[in-house]
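Here is a friendly walk through one protein model, written for someone who thinks at the bench. Have the sequence and the 3D view open as you read.

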Amino acid sequence: MFVTHLESAIDGTRFEAGRVWTTHEGRPLWVRYDLADVKNAVKPADFVMRVNSLWRYRELLPLPVSAEPVTLGEGMSPLLPCPRLGKELGLPRLYIKDESQLPTGSFKSRGMAAAVSMAKHLGLKRLAVPTAGNAGGALAAYGARAGIEVFVFMPDDTPVINQIEAFLCGARVFLVNGLINDCGKIVREGTDKLGWFDMSTLKEPYRLEGKKTMGLEIAEQFGWKLPDVILYPTGGGTGLIGMWKAFQELTELGWLQAAKLPRLVSCQSDGCAPIVRAFEQGERFAPVFENAKTVASGLRVPMAVGDFMMLDAIKASGGCAVAGQEETILPWMRRVASLEGIAICPETAVCFDVLTKLRRDGRVTPDEEIVVFNTGAAQKYIEAVELELPRIDKDRPVDYEALAR
Ligand SMILES: *Cc1c(COP(=O)(O)O)cnc(C)c1O
């Protein structure tokens, strides 16, 4: 066990390891490790020989090394060079880190693998989550795997695949006529009555640790060097904050070949951009974004308890928060998939609109190594694509010339 304690992100208050914790003053907790101990126990070269999942980084995860994780084989997503897309954008060193290949088709499985493993370890029997979609599907799957009861609350316009996947995994799924914040309120207020544990983004400390492994993987995949820029579609912020935490820990461990860390670019849709607005106004906290609306359901988070952690990380990295245009989402999904065969989610499509902006105004340059995260699978978003394909009548002669036109 390498965890020493937990620590309030807002005021540094310490909490004992190995117990159930939620938030402090309504704000998230960091998990802290004895990194000197970790350094003695493992070397970067050791990881290569280990299991091909995020559990290879056991010493940097909160579950005691002696405990069995709840796993569906999550992690080590491919880092795919994108030469054809990169050429069109004038960014030859472009990569996509493809999280769509993880269990339940999104990076949410990283967080839930860690959090449900800890929930089981700590003896929790009933879990609940408000979700924009993918978190509910992932919690339902890991809950089923662990034999823990799961309640999921989602907005009634959540992508239907998310509704189905949570239902199929045996969770009790409820549709709410509101946004994720309204679902969060229901979970919060039900805690006393039904005795469930609130698995909301950053309201328990361990989903963040699972997401952190994206940063560890990137480092390992680039040979313990890091790229110049990372673009990440930002909702609740665990991905961005988790990666930055990974980079801090790797720096302290002395495992990185170069001291320079990537600039983090937080990407949001102009239909829901609370972090972008706070960044532009130089604020550390982001007020609720009214009338949030975007097909990128994972970005439909009008208010985040980890707002200051995101904004701190973005600033410390020398990065920025930028909004992409909602109307460009579908064209980008098609363009990226057509050029590289990678089926990106609407959230990631937003990143590409942001990337073209950054390229245009010189905030990224052609010599830089750039990673865009594909956080989920396009296949989960049937509502985002309206499609009328040409039809062929099997009883009439086919005009083959016309097919190629
Ligand atoms: C949840 C989600 C996001 C937002 O991630 P955070 O780490 O919570 O900011 C982005 N993309 C997809 C596909 C998601 O499911």
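Let's begin with R363, which is partly exposed because its relative accessible area is 40%. Please keep in mind that this is a predicted model. R363 forms a salt bridge with D361, and the closest N and O atoms of the two are 3.1 Å apart. D361 has a relative accessible area of 44%, so this residue too counts as partly exposed. Between them in the numbering comes G362, which takes a positive phi of about 80° just after helix α13.

That brings us to the helix itself. Helix α13 covers residues 346-360, 15 residues in total. From its first C-alpha to its last, α13 reaches 22 Å, close to the 21 Å expected at 1.5 Å a residue. How many of the 15 residues of α13 are buried? The count is 12, so the helix is largely enclosed by the rest of the structure. Among the buried residues of α13 are P346, E347, C351, F352, D353 and L358.

**Salt bridges**

A search of the whole structure finds 24 salt bridges. Three of them are set side by side here.

| Acidic residue | Basic residue | N to O distance |
|---|---|---|
| E99 | R110 | 2.7 Å |
| E209 | K212 | 2.8 Å |
| D361 | R363 | 3.1 Å |

The E99 and R110 pair links distant parts of the chain: E99 sits in the loop between β5 (94-98) and α4 (108-121), while R110 belongs to helix α4, and the two are 11 residues apart. Are these partners buried or exposed? E99 has a relative accessible area of 0%, so E99 is buried. R110 also counts as buried, because its relative accessibility is 0%. The pair has company as well: E99 and R110 are linked with K97 and E217 in a network of salt bridges.

The E209 and K212 pair lies within one helix, α8 (residues 207-221). Because the two residues are 3 apart in α8, they are separated by about one helical turn. A general point helps here: an α-helix has 3.6 residues a turn, so residues three or four places apart point the same way. In this pair, both E209 and K212 are buried.

**A three-stranded sheet**

Toward the start of the numbering you will find an open sheet of 3 strands, in the order β2-β1-β3, with antiparallel pairing. Its edge strands are β2 (14-16) and β3 (29-33), each of which pairs on one side only. On average, neighbouring strands of this sheet are turned by 35° against each other, with direction ignored. Strand β1 (residues 3-8) is joined to β2 by 3 bridges, and the two strands run antiparallel. If you would like to find one pairing by eye, look for H5, whose bridge partner in β2 is E16.

**One exposed leucine**

Our last stop is helix α6 (residues 160-168), where L168 lies. Is L168 buried or exposed? Its relative accessibility is 64%, and because the cut-off for exposed is over 50%, L168 counts as exposed. How far apart are L168 and E340 in space? Measuring C-alpha to C-alpha in the model gives 32 Å, while along the sequence L168 and E340 are 172 residues apart.

Methods. Residues are numbered from 1 along each chain as its sequence is written. This is a predicted model: local features need pLDDT of at least 70, side-chain atom pairs count only at pLDDT 80 or more; totals for chains, interfaces and linings use all residues. Side-chain values use heavy atoms; hydrogens and water are left out. Helices (H or I, at least four residues) and strands (E, at least two) are DSSP runs, numbered from the N terminus. Buried means under 20% relative accessible area, exposed over 50%, partly exposed in between (1.4 Å probe, protein chains only). A salt bridge is a side-chain nitrogen of Lys or Arg within 4 Å of a carboxyl oxygen of Asp or Glu. Two strands pair if DSSP finds at least two bridges between them. Axes are lines fitted to C-alpha atoms, for helices over the stretch in contact, and angles run from 0 to 180 degrees between N-to-C directions. The expected span of a helix is 1.5 Å times one less than its number of residues.
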